[in-house]
Amino acid sequence: MALEQEKERCQQAFSWSYNLYMDTCENILISKSCKSLISNQYSGLSNMINCDKFQEIQDLFELLSRRKQDNIDIIADQLKQYIIQIGYQINTNESLIKDPKEYIKEIIKFYKKIDLIVQNYLNREQEIQLARSRGFQDFLNKFEKAIFYLAKHCDFELRIGMKGNSEQEIEEKMQDIINILLCFYSRDGFILHYSRFLSNRLLTGSSLSDENEKRLITQIKKEIGKSTTNKLTEMCTDIQISQTIMAEIKKKMRDLDSSKCNEIDWKITVLANAHWQIQPETEVQIPQELKWICENYIKIYLDKHKGRNIKWAFSQGSAEIYGKFDKKYTLDQDIEIGEYENLKINNIFAHKLFKIKMHPTQELRKTLKQDKGNSQSLDDQIDIELKKIRDNQLDACIVRIMKSRKHLKLNELNQEVVKLMSHIFKPQPQQIKQRIESLIEREYLTRSDEDRYVE
């Protein structure tokens, strides 16, 4: 209001120097006051965001935009610092960081609020959008479990969370996932975790919709490329092909002996080893009831696909046993049955509850403790696998660059590799150097005779 009044007076009294006069006024009243205005503890940008004062944010932005060239960087930096500050609070909240579901839920809620402000009240300025992304990158990449939590969130949504949602709600949830994924440097790490959850959903049939699985994989592929996500597509394809194969083999097995084939409701899935992280068991005693099914299935399969090597992975399967009793109870208890142990029903059992949760026995407690140790071992296995994948990706990238450029200085090669790999992960200079040394040892590259820093 004061500026508008000053503008009117200036036009009347100093028309010949109007532009210079207004420029001076805006410089003093806006540019020089911008930082104190926007960072004020009680009335600045952070306070406005905390209190959802969206209209005030827009008014402040419009005022500061009069001197955009002076102020846009200050606005962007203040927003980035605010995001980092709130992100630090989320990352240090004990209840959130112990709960993957609630942690990602809080991150998505925070991102959507900031994005709403950027899109609707800060004019979608490029510098501000970049500040938003850098703010989220800063704190999300400091919490090492965040990438795993996002993959776990995807698993929850595709198994349970999207049930009953409209197409628009599903699309919005998928976009939320993509927005958070793009804040991570280790996107290949996400794919590795995601593939393990996908494997479980596909093998157990626990996914709500095959269509949703394909849609999310397609969106991920658009953002981080085919080379990293092809395995996810191949896993879905494996399941579809396996279902067709099983239908054909079942028909032939019924022709052999329909009573044995139909005695048990069974399902066998044949998977390509290259697409799945499944370790086959070395020694498994197959129950007598399943032997005929397993042996004939393999025989018929190999008759058609000669030369293939088939190994069983019974640990990935499940079994359900049903019985008919006079009374109906639900017993919630994990048990392990030994080779020579038998289970017997106690027909005189009675209880006022119909669903009973049993406390684990001493032996089961030991087993659960071992499983926790195995979980740590799995984390180590994922780290080893991720390093191997990254080494191969860096090797391929370096060779591709050098084939195109022939000669390149080390620093220039580093920059090219980072540029090409940043959509998958952020390679460190030391990683790149190690891969260059490895390629030189294997004679894929040679150092220049004239300059040792030129490859």
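Okay, let's start with E443: this residue takes a positive phi of about 65°, just after helix α18. Keep in mind that this is a predicted model.

So, α18 itself. The helix covers residues 429-441, which makes 13 residues, and at 1.5 Å a residue they should span 18 Å. The end C-alpha atoms are 18 Å apart, so that agrees. Which residues of α18 are buried? They're I432, R435, I436, S438, L439 and I440. For anyone looking at the spacing in that list, remember that an α-helix has 3.6 residues a turn, so residues three or four places apart point the same way.

Next, α15, residues 288-304. That helix has 17 residues and reaches 26 Å from first C-alpha to last, close to the 24 Å expected at 1.5 Å a residue. On the buried side of the ledger we've got W292, I293, C294, N296, Y297, I298, I300 and Y301. And what covers them? Part of the answer is α14, residues 226-262, which is included in that cover.

Now the cores. The largest nonpolar one has 70 residues, and the members touching the most other members are Y103, L140, F190 and Y194. Helix α8, residues 100-120, gives the most to this core, with 9 residues.

Let's zoom in on F190. Leaving out residues up to four places away in sequence, F190 touches I147, L150, A151, C154, L181 and I220. There's also a second core, separate, with 16 residues; C397, V417, M421 and I424 are among them.

That's my tour, happy to pull any of these up on screen.

Key:
Residues are numbered from 1 along each chain as its sequence is written. This is a predicted model: local features need pLDDT of at least 70, side-chain atom pairs count only at pLDDT 80 or more; totals for chains, interfaces and linings use all residues. Side-chain values use heavy atoms; hydrogens and water are left out. A nonpolar core is a set of buried Ala, Val, Leu, Ile, Met, Phe, Trp, Tyr and Cys residues joined through side-chain atoms within 4.5 Å. Buried means under 20% relative accessible area, exposed over 50%, partly exposed in between (1.4 Å probe, protein chains only). Helices (H or I, at least four residues) and strands (E, at least two) are DSSP runs, numbered from the N terminus. Contact means heavy atoms within 4.5 Å. The expected span of a helix is 1.5 Å times one less than its number of residues.
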